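Here is a friendly walk through the side-chain contacts of one structure. Have a look at it first, and then we'll go contact by contact.

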Amino acid sequence: MASNVLKKAESFFDHFERWRPTQNQTTHYCPGCGHGNAHKLIAEALDDLGLADRSILVSPVGCSVFAYYYFDVGNVQAAHGRAPAVATGLKRSHPQSIVMTYQGDGDLASIGGLEILHAANRGENMTVFFINNAIYGMTGGQMAATSLIGMKTTTSPYGRSVENDGWPLRVCELLATLPAPVYIERCHLADAKGIMSCRKAVKKAIKNQADGKGFSFVEILAPCPTGWKMTPLEAEKWVKEKMIPYYPIQVFKDESATREGRFPQPREVADDELWKALDLGLFGETHPYDEPFVKNFSTTHFKFAGFGGQGVLTGGVILAAAGMQENLEVSWIPSYGPEMRGGTANASVVLSKDPIGSPLVVNPDVLVAMNDPSLDSFEDTVRPGGIVFVNSSIIARKLRRSDVDVIYVPLTDIAAEQGLTAGANAVLLGALMEYTKLLPIATIKEIIPLGIKRKQLIDANLRLVDAGVEWIQNNVKGRKQSVTVPPSKQTAATPVMFPEK
Amino acid sequence: MTDNNVPRVEIVPNLCKACQRCIEACAPGVIVTNPERAFNELGYMWVVYTGEGCTGCGVCFYVCPEPGAITVYKRERDKKAVAQEA
Amino acid sequence: MQKELIKGNEAVVKGAILAGCSQYYGYPITPASEIAQAASRYLPPVGGTFIQAESEVAAINMVYGAASAGMRALTASSGPGISLKQEGLSYIAAAELPCVVVDVMRAGPGLGNIWPEQGDYHQVVWGGGHGNYKCVVLAPNCAQEMCDLTMLAFDLADKYRNPAIVLADGYVGQMMEPVVFPHKRVKVPRRDWALYGDAESKRNVISSIHMSTESLEKHNNKLQGKYAEMERSEVRFQEIKTEDADLVLVGYGIVSRLLQSVVEMLRAEGKRVGLLRPITLFPFCSKRLSELTTQGKHFLVVELSNGQMLKDVQLATKEATPIHFYNRMGGAVPSVDELANVARKYVK
Ligand SMILES: Cc1ncc(C[n+]2csc(CCOP(=O)(O)OP(=O)(O)O)c2C)c(N)n1
Ligand code: SF4
Ligand code: SF4
Ligand code: SF4
C-alpha cells in the first residue's frame with residue numbers, strides 16, 4: 001500500500017489467458033464501464049490485505065460472468081442470481097476461505113432476490129459486491145429492477161412506469177432492516193471522490209470477513225455507457241445527476257468495530273464416536289438364531305389403526321423391532337402426511353421368515369382397531385380366519401363378521417388404571433403377544449425402553465405390557481396356545497439380492 | 001533513467017479504450033488524446049501524457065476501468081511520508 | 001449381527017454420513033422431509049453442515065458451492081422441489097461436479113398429493129434441465145438400499161464427476177426396515193480440481209460457460225463420453241426367476257416389491273413368470289432387455305406413472321416381442337392381487 005507506484009494489482013493475472021491467447025491485457029468490458037473500476041478496487045484490496053490466496057470469487061451471470069478471466073484467486077461461476085447460495089456452500093465448507101460474490105442488478109435484485117435476502121439474513125460471513133447499473137448490460141439494455149422511473153430501456157421503450165413496473169428497488173435499504181449484516185454501504189464510481197470512498201468500502205467489506213465479523217454488502221452505482229446509450233462521460237454524469245438522488249450514497253449499517261469475530265473451527269470425529277453419534281448399534285446384537293422358531297414362522301400381516309396419541313404407529317414399530325431381534329424379516333410402513341394430523345393413522349407391519357415382497361398390508365392377518373373409524377375402515381379387509389383386537393374402551397360396537405377371531409379388550413381403561421392413558425399400545429403389545437405367542441414378551445420389553453428417555457416412563461410402560469398379558473390370562477378362556485396363521489395371499493418372495501458389481 | 005522525484009504517469013497505448021474518463025478527471029489536464037489521432041490495436045484513439053505537469057495524485061489510475069492501462073509514479077518522498085504516517 | 005430398524009429416509013442420511021458426506025442443504029417437502037430432519041440432527045454434532053435453504057433452487061446451488069469446495073454434498077426433495085433443482089443440476093453436470101440428490105417421489109403433476117408415484121422418471125432419468133446432460137440414477141426398493149445406493153451414488157458421482165440421483169418413492173422413503181450399516185466411514189480425499197481457499201487450489205475454475213462453439217462442442221462430446229462409459233460399466237439390475245420365464249415383469253422401486261410377491265404367487269400356480277428390476281435407471285439395463293427379447297420372452301411393464309419407463313423398455317427391446325403395460329397414477333398403489341390378475345392375462 002505504501003508504494004509510490006499505482007499499478008496493476010498482483011491479484012490480477014498478468015495476461016488474461018483464460019479470455020484469449022493474444023491481445024489479452026485488457027478486459028472484455030466496454031469503454032468506460034464501471035465493472036473495470038470495481039474489479040480494480042477489489043484486486044487492490046486483496047493485494048493490500050494479502051488475502052488473494054485464500055479468496056474464492058463467485059461470479060454471476062451478467063457482463064461480469066467472466067470475472068474469472070481476471071482475478072488470480074479461486075473462481076466459481078454461478079447460475080443467474082444464485083451466487084449467494086453457491087457462496088454459502090463454499091464458505092460453510094471452508095470457513096477459513098474468503099468468499100466474495102460479485103453480482104449485477106439483474107442477478108442480485110431480480111432473479112436472485114431470495115438468495116441474497118437469505119444469505120444476508122443468515123449473516124453468512126461473506127462479502128457481496130452489488131454492481132447497480134440500473135440496466136441489464138449483457139443481454140442488451142433491458143429494464144432492471146433498479147432502472148429509474150421514466151428510464152427508457154429496450155424493454156421499457158416508453159419509459160419505466162410505476163403503474164406497470166413498480167418502483168426502483170433500493171436493496172441496501174431493504175437489507176439494512178435485517179439484524180444479521182454487519183456492514184452495508186452504497187457508493188459510486190462516477191468520479192474520483194466516489195471511487196476513493198468506494199475503495200475504502202470494498203476493503204472494509206473484505207477485511208470484515210477475514211476478521212470473522214459476518215455479512216458485508218457494498219452496493220456500487222456503476223456506469224453502463226453501452227446500455228444507457230451514452231458516452232462514458234455522459235454516463236458518469238448520469239450516475240451523479242440521476243442515480244445518486246434516488247440511491248443515496250450512504251453507510252446504512254456498520255457494526256464492524258463492535259462485532260465480535262467468529263472463527264468456526266473444523267471438527268473431526270473418530271469412527272467409533274461417529275457410529276455412536278448416528279445412534280447406530282441402538283438395538284445391540286440380534287438374538288441367537290433360533291432355527292426352528294424362524295423356520296416355522298409363517299408370514300404375518302398386521303394393521304395397526306387408531307388416532308394420533310394412541311401410539312398405533314409406535315406400537316407397530318416395537319413389534320417390527322422385536323421381530324428383527326428374533327431374526328425375522330420385518331417391514332413397517334405408516335400412513336403418512338397431513339391426514340395424520342386429522343386424527344387417524346395406521347401402520348402396516350409384516351413379519352416373515354422370508355424376505356418381504358410387498359410391505360403394504362391390504363388384507364391383514366391381524367387387525368388392531370383402536371377407535372371406531374379404524375374398525376369401520378378395516379373390518380372388511382381382514383383375511384377370513386384372521387384376528388381382530390378391538391379396543392373396547394373406545395369402540396362400543398361388536399364386529400359384523402363372524403369368520404374372524406375377535407378379542408375385545410379395554411386397552412385404554414387398563415392403561416388409565418395404571419395412570420398412563422397414552423400407554424394403550426403397551427397394553428396391546430402385551431395382550432397381543434400373550435394371545436398369539438408370535439414373539440417372546442421379553443423381546444417386546446427389551447425394545448420398549450430404546451425409544452423412551454425417562455426411566456419412570458419406561459417402568460410404567462413395562463408394567464402396562466404385563467397388564468396386557470395378565471388381562472389375556474384372566475379373561476380369555478380356551479385361548480389358543482399358538483395361533484398358526486394360514487399363509488395369506490401376500491406371500492413372500494425370493495430374497496432381495498444386491499446385484500454383483 | 002527517470003527521476004524518481006518527478007511524478008509521472010505511463011499509459012500503455014494498446015491497453016487504452018479511449019473512454020476519456022482520465023482526461024476528464026485529471027485536474028492539471030495533462031492527459032490528452034494522442035496528437036497523431038492514431039488508432040491502437042483494439043481500434044481506439046488512445047490517450048497520452050503530455051509529458052509534464054503530473055502531480056502524481058493517482059486519480060487517473062482509479063477512474064480508468066482498465067487494469068493495466070495506467071501506471072502512476074508518485075514522488076519518492078511521498079512513500080516516506082506514507083511510511084511515517086503509518 | 002447389528003441391525004437397525006430405520007426409515008428409508010433416515011437410512012439415506014446415515015449412509016451419506018458414513019460415505020463421508022459433510023454437507024446437507026435442503027428444503028422440506030413430504031414425503032422427503034425426514035431426510036432433512038435427520039441431516040439436521042446428525043450432521044452438526046459430527047462437524048458437518050446442515051442448512052435449511054430458502055428454496056430448492058438455493059439448496060441445489062449451495063450444493064454446487066460445497067461440491068466446488070471438494071465436499072461430498074447432499075440434498076433431497078420430492079417432485080415439486082426436484083423441478084426447481086433442475087437448473088442447478090444442469091449447471092452441476094456441466095461444471096462436472098459430483099453431488100447426490102435424493103428424490104422421494106410423490107404424486108403429481110402440480111401440487112398433486114403426497115402418496116407414492118413414479119412420475120419424476122422423465123425429469124430425472126431423461127434430464128429435466130437444459131442441455132445435453134445426464135445424471136446417474138439409482139432406484140432403491142428397500143431401506144437397506146436407501147443406505148447402500150446413497151453410498152454408491154457418492155462413489156459414482158465422484159468417479160464420473162457428475163450428479164447422481166437416488167430415485168425413491170414415498171413408500172420406500174417412509175418404510176422402516178432392518179438395515180445393516182457399514183462400520184467404517186469413507187474419507188474424502190483432496191481433489192485436484194476443487195477449491196479449498198488456499199494457494200494450491202486457487203488456479204482452479206469451476207464454470208459451465210464455454211464461449212466458443214468449438215470449445216462447447218468439445219465439452220459436450222466429453223460429457224457424452226462419460227455417459228457412454230457409464231452405460232458400459234455401471235448398469236445394475238436384479239433378476240428373479242427369469243431364466244425359464246415366459247413373461248418377465250419389469251418394475252423398479254416400490255413396484256418391484258409388489259412384483260416380487262406377484263412372481264411368488266404365480267410361480268405357486270405353476271406359471272412361468274420372472275422379474276427384472278432395473279436398479280440403475282440411467283444407465284438403463286437395455287442390453288439385458290434386448291437379450292431377453294431374443295429369448296422370446298414377453299414383458300409386462302408396471303409403473304406408477306404414464307408409461308415413462310415403458311418408453312425405455314420399448315427402445316431397448318425394439319418391441320420385437322409383446323410388451324404389456326399396467327400403471328396406476330395419482331398416488332394409487334395397486335395391490336398384489338390386482339397385479340397378479342393383470343399378469344395372469346399374459347401368461348399360460
Ligand atoms: C435463468 C436465466 N435467465 C436469463 C438469463 C439471461 N441473462 C443473462 S445476464 C442477464 C441480466 C444481466 O444484468 P445484470 O445482472 O444487471 O448485469 P450486467 O450485465 O448489467 O452487468 C440476463 C437476464 C440467464 N442467463 N439465465
Ligand atoms: S454493457 Fe454495460 S455493463 Fe456490460 S460491459 Fe458494457 S458498459 Fe459494462
Ligand atoms: S496522476 Fe493525477 S495529475 Fe497525474 S496524470 Fe493522473 S490524474 Fe493527472
Ligand atoms: S481512462 Fe483508461 S481507458 Fe479510458 S481513456 Fe484513460 S487510459 Fe484510456
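## A partly exposed aspartate and its partner

C:Asp155 has a relative accessibility of 39%, so this residue counts as partly exposed. Keep in mind that you're looking at a predicted model. The side chain of C:Asp155 meets that of C:Arg72 in a salt bridge, with 3.0 Å from N to O. These two come from distant parts of the chain: C:Asp155 is in helix α6 (residues 143–160) of chain C, C:Arg72 is in the loop between α3 (56–68) and β4 (73–77), and their positions lie 83 residues apart in sequence. And what about C:Arg72, buried or exposed? With 6% relative accessibility, C:Arg72 counts as buried.

## Another bridge within chain C

Next up is C:Lys241, which forms a salt bridge with C:Glu264; their closest N and O atoms are 3.1 Å apart. Which parts of chain C does this pair tie together? C:Lys241 sits in the loop between β10 (237–240) and β11 (247–250), while C:Glu264 belongs to helix α9 (residues 254–268), so the pair connects parts that are 23 residues apart in sequence.

The two partners also fall into separate accessibility classes. C:Lys241 is partly exposed at 29% relative accessible area, whereas C:Glu264, at 18%, is buried.

## Across the chains

Side chains of opposite charge can pair when their charged atoms come close. Searching the whole structure turns up 53 salt bridges over all chains. One of them is between C:Lys202 and A:Asp72, where the closest N and O atoms are 3.8 Å apart. Why does this pair join two chains? Because C:Lys202 lies in the loop between β8 (176–179) and β9 (205–206) of chain C, and A:Asp72 lies in the loop between β2 (55–59) and β3 (74–77) of chain A.

Both ends of that bridge are tucked away: C:Lys202 counts as buried at 12% relative accessibility, and A:Asp72 counts as buried at 7%. Shared partners carry things further, as salt bridges link A:Asp53, A:Asp72, C:Lys202 and C:Arg203 into one network.

## Rings meeting rings

How many aromatic pairs are there over all chains? The count comes to 20. One is made by A:Tyr246 and A:Tyr247, which meet edge-to-face, 5.0 Å centre to centre and with 85° between the planes. A:Tyr246 is buried with a relative accessible area of 16%, and A:Tyr247 is buried at 0%.

Over in chain B, B:Phe61 and B:Tyr62 make an edge-to-face pair too, with 5.0 Å between centres and 90° between planes. B:Phe61 has a relative accessible area of 5%, so this residue is buried, and B:Tyr62 is buried with 5% as well. Back in chain A, one aromatic cluster brings together A:Phe12, A:Phe16, A:Trp19, A:Tyr29, A:Phe66, A:Tyr68, A:Tyr69, A:Tyr70 and A:Phe71.

## Charges over rings

Some charged side chains are placed over a ring face. B:Arg8 lies over the face of B:Tyr73, 3.8 Å from the ring centre. In chain C, C:Lys134 lies over the face of C:Trp126, at 4.3 Å from the ring centre.

## And the cysteines?

How many disulfides does the count give over all chains? Zero. As for individual cysteines, B:Cys19 is buried at 11% relative accessibility, while B:Cys57 reaches 46% and so counts as partly exposed.

Note on methods:
Residues are numbered from 1 along each chain as its sequence is written. Chains are lettered from A and ligands numbered from 1 in the order in which they are written. This is a predicted model: local features need pLDDT of at least 70, side-chain atom pairs count only at pLDDT 80 or more; totals for chains, interfaces and linings use all residues. Side-chain values use heavy atoms; hydrogens and water are left out. A disulfide is a pair of cysteine sulfur atoms within 2.5 Å. Buried means under 20% relative accessible area, exposed over 50%, partly exposed in between (1.4 Å probe, protein chains only). Rings of Phe, Tyr and Trp (its six-membered ring) pair if their centres lie within 6.5 Å; planes under 30 degrees apart count as stacked, over 60 as edge-to-face and the rest as tilted. A charge sits over a ring if NZ of Lys or CZ of Arg is within 6 Å of the ring centre and within 35 degrees of the ring normal. A salt bridge is a side-chain nitrogen of Lys or Arg within 4 Å of a carboxyl oxygen of Asp or Glu. Helices (H or I, at least four residues) and strands (E, at least two) are DSSP runs, numbered from the N terminus.
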